[in-house]
2 protein chains.
Amino acid sequence: MIGRLNHVAIAVPDLEAASAQYAETLGAKVGAPQDEPDHGVTVVFIELPNTKIELLSPLGEASPIKGFLDKNPSGGIHHICYEVEDILAARDRLKDQGARVLGSGEPKIGAHGKPVLFLHPKDFNGTLIELEQV
Amino acid sequence: MIGRLNHVAIAVPDLEAASAQYAETLGAKVGAPQDEPDHGVTVVFIELPNTKIELLSPLGEASPIKGFLDKNPSGGIHHICYEVEDILAARDRLKDQGARVLGSGEPKIGAHGKPVLFLHPKDFNGTLIELEQV
């Protein structure tokens, strides 16, 4: 069911410093910051040859990664995203097998303009998993 | 400098259950467990179309992921691995820029039989980064 690893998301306390580090110290291809007000984050995409890293920084007071950074002030890996072909079929299969889908259970439009869902980390080895329909 | 994302490593409390979940619930291609006594882990590789997930379980009393699982009993993302062409050149570049390399600073032979180094998570947004020469 799951396909490619679409991205690894890393929450960072200082987006400018983290972007500069990936560009200069690690020598990666780093994009410009993009505000995603609907998701409460500013995102920087790092293009690797086979997948992406997304650096996430809080945008606004209700940012979903604010609590994560309070607990992990240096930052940390926030989630991984797997691609699926049919997000509703994936959701139903997961729910049938007892996995919990976060929020309403209905897909939202994610930062890439595609339908996404998040799965409960307690059901997946402490790993927050995003599913994105591609 | 960094190339492909070689893998994402997830430490899991129950390797059999996690393998079954990736195979059956998430429908991924899951390999057989491999003991890596030199690294203190048993590993299960999950092949995605563009990269790998490595499920890690402690092997032996001195396993380097035992402390991580004590702190994160449900498991969690342990590290990410970026490929580099020349690990000594990468190390020297990183050290020149003030990043700390863990251990002796000399590459060891990793779980894939290739030279690896780990970078200090405090220097990289709370993310433990493995570099693997390919």
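**Entry 1: chain A as a whole**

I read the order of elements in chain A first: from the N terminus it runs β-α-β-β-β-β-α-β-α-β-β-β. That gives 3 helices and 9 strands for chain A. I note at the outset that this is a predicted model.

I then looked up the overall dimensions. Along the principal axes, the C-alpha atoms of chain A fill a box of roughly 45 × 35 × 25 Å. The radius of gyration of chain A is 15 Å, which agrees with the value near 14 Å for a compact globule of 134 residues. I find 50% of the 134 residues of chain A counted as buried. The accessible surface of chain A comes to about 6,100 Å², and 49% of that surface belongs to carbon and sulfur atoms. I also looked at contacts in chain A between residues at least 6 apart in sequence: 52% of these join residues at least 24 apart.

**Entry 2: relation of the two chains**

How is chain B laid on chain A? I record a turn of 180° with a shift of 0.0 Å along the axis, which leaves an RMSD of 0.0 Å. The two copies are therefore related as by a two-fold rotation axis. In chain B, the C-alpha nearest that axis belongs to Asn50(B), at 3.0 Å.

I next compared the interface residues. Of those in chain B, 100% are also interface residues in chain A, so the copies meet through the same surface.

**Entry 3: His7(A)**

I located His7(A) in strand β1, residues 5–11 of chain A. Buried or exposed? With a relative accessibility of 1%, His7(A) counts as buried, since the cut-off for that class is under 20%.

The side chain of His7(A) has a polar contact with the side chain of Glu54(A) at 3.2 Å. I record another polar contact, also at 3.2 Å, between the side chains of His7(A) and His79(A). Setting aside residues up to four places away in sequence, I list the residues touched by His7(A) as Thr51(A), Lys52(A), Glu54(A), His79(A), Ile80(A), Cys81(A), His112(A) and Glu130(A). Both polar partners, Glu54(A) and His79(A), appear in that list.

**Entry 4: Gly76(A)**

I found Gly76(A) in strand β6 of chain A, which spans residues 76–84. Its relative accessibility is 5%, so Gly76(A) counts as buried.

Which residues does Gly76(A) touch, not counting those up to four places away in sequence? From chain A I note Ala9(A), Ile10(A), Ala11(A) and Phe68(A), and from chain B Asn125(B), Gly126(B) and Thr127(B). I also checked a separation: the C-alpha atoms of Gly76(A) and Pro49(A) are 22 Å apart, with their positions 27 residues apart along the chain.

**Entry 5: Asn125 in both chains**

Asn125(B), one of the residues touched by Gly76(A), I looked up next. Asn125(B) is in the loop between β8 and β9 of chain B. Its phi is near 55°, a positive value in a residue that is not glycine. Asn125(B) has a relative accessible area of 11% and is buried.

I then turned to chain A. Asn125(A) lies in the loop between β8 (115–119) and β9 (129–133) of that chain. Asn125(A) has a positive phi of about 55° and is not a glycine. At a relative accessible area of 10%, Asn125(A) is buried.

**Entry 6: helix α3 of chain B**

I examined helix α3(B), residues 87–96, and found Ile87(B), Ala90(B), Arg91(B) and Leu94(B) buried. These residues cover an arc of only 100° around the axis, which puts them on the same side of α3(B). The cover over them includes α1 (15–25) of chain A, along with β6 (76–84), β8 (115–119) and β9 (129–133) of chain B.

What caps the N-terminal end of α3(B)? I record Asp86(B), with a side-chain oxygen 3.1 Å from the backbone nitrogen of Leu88(B). Just after the helix, Gly98(B) takes a positive phi of about 90°.

**Entry 7: Glu106(B)**

I placed Glu106(B) in the loop between α3 and β7 (108–109) of chain B. At 48% relative accessibility, Glu106(B) counts as partly exposed. Beyond its neighbours within four places in sequence, Glu106(B) is in contact with Arg91(B) and Leu117(B). Arg91(B) is one of the buried residues of α3(B). I note finally that Glu106(B) and Phe118(B), 12 residues apart in sequence, are 9.9 Å apart in space, C-alpha to C-alpha.

Definitions and conventions
Residues numbered from 1 in each chain as written. Chains lettered and ligands numbered in written order. Predicted model: local features only at pLDDT ≥ 70, side-chain atom pairs only at ≥ 80, totals over all residues. Heavy atoms only, no water. Least-squares fit on C-alpha atoms with pLDDT ≥ 70 in both. Contact = heavy atoms within 4.5 Å. Buried < 20%, exposed > 50% of the residue type's maximum accessible area, 1.4 Å probe, protein only. Helix = DSSP H or I, 4+ residues; strand = E, 2+ residues; numbered from the N terminus. Arc of directions from axis to C-beta. Polar contact = N/O pair within 3.5 Å; in protein donor to acceptor, adjacent residues only side chain to side chain. Rg over C-alpha atoms; globule rule 2.2 N^0.38 Å. Areas by Shrake-Rupley, 256 points an atom, 1.4 Å probe, with all protein chains shown as cover.
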